[in-house]
Amino acid sequence: MSISGKKILIAISGGIAAYKIHFLIRDFVKKGAEVQVIMTPDAEQFVTKLSISTLSKKPVYTDFYSDNGTWNSHVELALWADVMIVAPCTANTLSKMVHGMCDNLVIATYMSAKCPVFIAPAMDLDMYMHPSTRKNLEMAESFGHVVIPAESGELASGLIGQGRMAEPETISNTIDHFFNSHQEAQTLQGKVVLITAGPTYEALDPVRFIGNHSSGKMGFSLAEEASKRGAKVILISGPTAQTINDKNVELHKITSAKEMLAKVFEFYDTIDIGIASAAVADYAPKEVAKEKIKKNDENLTLELVKNPDILKTMGEKKTHQFLVGFALETQNEEDNAKGKLEKKNLDMIVLNSLRDEGAGFKNDTNKIKIFTRTEKKEFDLKSKDEVAKDILNFVEAQLLK
Ligand code: CTP
């Protein structure tokens with residue numbers, strides 16, 4: 001996948017290295033990319049909007065409003081971009097980014113961006129080595145951003161050391177490499193994939209619930225992988241610590257099984273593939289106490305009623321959707337999984353046995369077997385990201401039949 005036709009958003013902050021951005025813009029435009037530039041107010045001390053807009057062939061924005069009274073939507077700018085590059089990224093802008101100090105257009109746009117973010121820091125050597133900068137760069141990396149390290153050499157202050165912004169050529173090569181390595185085949189292009197994930201919580205009273213240990217990892221890995229393959233993903237998740245920031249993934253957070261069912265059926269007619277990886281609570285308290293249940297008697301008896309079976313309902317209402325279920329079993333694993341395939345009118349079921357070490361919903365790994373009505377395939381213990389690939393490869397192979 002080349003850079004040609006890609007949408008690149010460059011955010012310039014106020015450092016002397018800003019002058020080098022002219023070369024970067026020219027390089028991207030030459031290669032056929034669309035370049036939109038935004039700047040912090042301080043960046044205007046170093047480069048002019050006119051020189052930048054002449055090279056990028058687009059207006060340059062520094063504020064939420066233009067002089068002619070039009071609003072520069074940071075959300076639109078952010079969602080437009082395939083990648084965002086903050087270069088040069090000063091210590092101040094870096095700190096605002098990682099701490100969410102949203103006081104200018106660059107930070108507001110950054111915080112609205114769902115695309116990969118690249119950061120090319122530029123500052124004096126002592127600032128670059130300061131523990132606060134080190135910590136902020138670490139934080140940026142923990143958000144999934146790519147830091148293009150500063151280079152060593154003579155700095156604007158006259159000092160010599162690390163702090164110079166990476167050369168435009170280095171930044172350009174990093175972006176080229178990114179697009180080339182994301183050349184994943186768009187095998188699910190045009191498909192809508194709905195995934196349920198995580199646990200459901202069934203309220204007992206205002207402060208308590210019945211739930212389970214599902215982390216939601218398997219469902220989130222599936223969502224990420226389906227998105228990489230070009231699908232539009234609707235991810236419906238119960239309460240979990242997992243997050244996802246991906247242009248193609250629409251995340252809907254719900255709490256209870258009933259809410260999950262309602263959300264699934266908002267989209268059901270429009271989807272091509274449904275994957276139910278959620279660990280839905282099978283029962284919910286019959287009554288939800290309005291006030292906190294007080295400790296009185298020696299025993300407390302709770303009356304539970306059956307929750308809707310979301311996947312079974314999907315199976316009953318199936319018209320064209322390809323349905324994938326999960327079965328988490330502790331005994332008679334294969335028979336139980338095949339039973340669920342039939343009972344829920346599925347096309348495919350993924351079995352994980354709690355008897356296999358490393359499998360199940362609390363781990364980062366999983367060991368699965370896949371069944372259709374006619375096939376069976378067994379896989380090794382793998383990371384959930386790798387398992388997501390195996391599952392989607394299998395789905396794609398079935399769709400081609
Ligand atoms: N499932 C669902 N709604 C439920 C229960 C389960 O959508 N109320 C889905 C799960 O997401 C999974 C599949 O059905 O894809 C099987 O879930 P599992 O808990 O293994 O089976 P159950 O049908 O709940 O049966 P049992 O608990 O008796 O094994």
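Strands S3 and S4 run parallel and are joined by 4 bridges, where strands are DSSP runs (E) of at least two residues, helices are DSSP runs (H or I) of at least four, both numbered from the N terminus, and two strands pair if DSSP finds at least two bridges between them. Within this pairing, Cys 89 has Pro 121 in S4 as its bridge partner. The model is a predicted one, in which local features need pLDDT of at least 70 and side-chain atom pairs count only at pLDDT 80 or more, while totals for chains, interfaces and linings use all residues. Residues are numbered from 1 along each chain as its sequence is written, and side-chain values use heavy atoms, with hydrogens and water left out.

The pairing of S3 with S4 belongs to an open sheet of 5 strands, joined in parallel and ordered S2-S1-S3-S4-S5. Strand S2 (34-39) and strand S5 (146-147) stand at the edges of this sheet with a single partner strand each, so one side of each lacks a neighbour there. On the other side of S3, strand S1 (residues 7-12) is joined to S3 by 4 bridges, again in the parallel sense, and Leu 9 has Met 84 in S3 as its bridge partner. Towards the S5 edge, S4 and S5 pair in parallel over 2 bridges, with Phe 118 standing opposite Val 146 in S5. S3 itself is largely enclosed by the rest of the structure, because 7 of its 7 residues are buried; here buried means under 20% relative accessible area, exposed means over 50%, and partly exposed lies in between, with a 1.4 Å probe and protein chains only.

Helix H4 (residues 91-99) has Ala 91, Thr 93, Leu 94, Lys 96, Met 97 and Val 98 as its buried residues. An α-helix has 3.6 residues a turn, so residues three or four places apart point the same way. The cover over the buried residues of H4 includes strand S3 (83-89), helix H5 (105-112), strand S4 (117-121), helix H6 (125-129) and helix H7 (131-142), contact being taken as heavy atoms within 4.5 Å. Just after H4, Gly 100 takes a positive phi of about 65°.

Two residues from the start of the chain can be followed next. Ile 3 lies in the segment before S1 and counts as buried because its relative accessibility is 4%. Leaving out residues up to four places away in sequence, Ile 3 touches Ile 8, Phe 28, Lys 31, Ala 33, Ile 175, Asp 176 and Phe 179. The C-alpha atoms of Ile 3 and Tyr 110 are separated by 21 Å, the two residues being 107 residues apart along the chain. His 22, placed in helix H1 (residues 21-30), also counts as buried, because its relative accessibility is 19%. With residues up to four places away in sequence again not counted, His 22 touches Val 47, Ser 51, Ile 52 and Leu 55.

Further along the chain, strand S17 (residues 348-353) is mostly covered, with 6 of its 6 residues buried. Both of its faces are covered, since the buried residues comprise Met 348, Val 350 and Asn 352 on one side and Ile 349, Leu 351 and Ser 353 on the other. Strand S16 (residues 322-329) pairs with S17 in the parallel sense over 6 bridges, and Leu 328 stands opposite Asn 352 in S17. These two strands and helix H12 (residues 333-343) make a right-handed β-α-β unit, a crossover being right-handed if, with the strands pointing away from the viewer, the path from the first strand over the helix to the second runs clockwise. S17 also runs antiparallel to strand S19 (residues 368-371), to which 4 bridges join it, and Asn 352 stands opposite Ile 368 in S19.

Gln 398 is found in helix H13 (residues 384-399) and counts as buried because its relative accessibility is 15%. Apart from neighbours within four places in sequence, Gln 398 is in contact with Phe 322, Thr 372 and Glu 375.

For the chain as a whole, the secondary structure comes to 13 helices and 21 strands, and 48% of the 401 residues count as buried. Of the contacts with a separation of 6 or more, 65% are accounted for by residues 24 or more positions apart. The C-alpha atoms fill a box of roughly 75 × 60 × 45 Å, taken along the principal axes.
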